[in-house]
Amino acid sequence: MENEDNVLDEMLREIAALLSEYPRAIEHRAAVIQTTGKDPELAEKLMKAADTMRDSGNLYLTWAKHYAALAAGNTDALSDEDETEDFDV
């Protein structure tokens with residue numbers, strides 16, 4: 001069971017990293033578009049999308065951690081506490 005817990009923990013770290021990088025990549029693309037002056041509306045839309053993806057990622061990660069805790073046998077996993085800061089998202 002401990003090995004399974006380690007797998008879930010590692011997957012959570014990988015998910016958190018991707019969820020953190022994705023909005024940054026969108027923001028970078030928006031900045032390139034803004035700098036080149038190609039499409040200011042698209043750049044603004046992408047910046048809003050990055051914020052939305054960041055918020056969605058935080059929500060997703062909170063639920064993923066919840067279920068990982070349940071899978072590890074932690075019956076106290078029903079906490080309302082936002083633990084996304086643990087993964088720096």
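Is tryptophan 63 best described as buried, partly exposed or exposed, and what is its relative accessibility? At 45% relative accessibility, tryptophan 63 counts as partly exposed, because the label covers anything between buried (under 20% relative accessible area) and exposed (over 50%), using a 1.4 Å probe and protein chains only.

A quick note on the model: it is predicted, so local features need pLDDT of at least 70 and side-chain atom pairs count only at pLDDT 80 or more, while totals for chains, interfaces and linings use all residues. Residues are numbered from 1 along each chain as its sequence is written, and side-chain values use heavy atoms, with hydrogens and water left out.

Overall, the protein chain has two helices and zero strands; these are DSSP runs, with helices (H or I) of at least four residues and strands (E) of at least two, numbered from the N terminus. Of the 89 residues in the protein chain, 22% are buried.

Helix α2 covers residues 40-71. From first C-alpha to last, the 32 residues of α2 reach 46 Å, close to the expected 46 Å, a span worked out as 1.5 Å times one less than the number of residues. Buried residues in α2 include Ala43, Gly57, Leu61 and His66. Just after α2, glycine 73 has a positive phi of about 90°.

Back to tryptophan 63: the whole structure holds one aromatic pair. Tryptophan 63 and tyrosine 67 make up this stacked pair, 5.7 Å centre to centre with 25° between the planes. Rings of Phe, Tyr and Trp (its six-membered ring) pair if their centres lie within 6.5 Å, and planes under 30 degrees apart count as stacked, over 60 as edge-to-face and the rest as tilted. Both residues sit in α2, four residues apart, about one turn of the helix.
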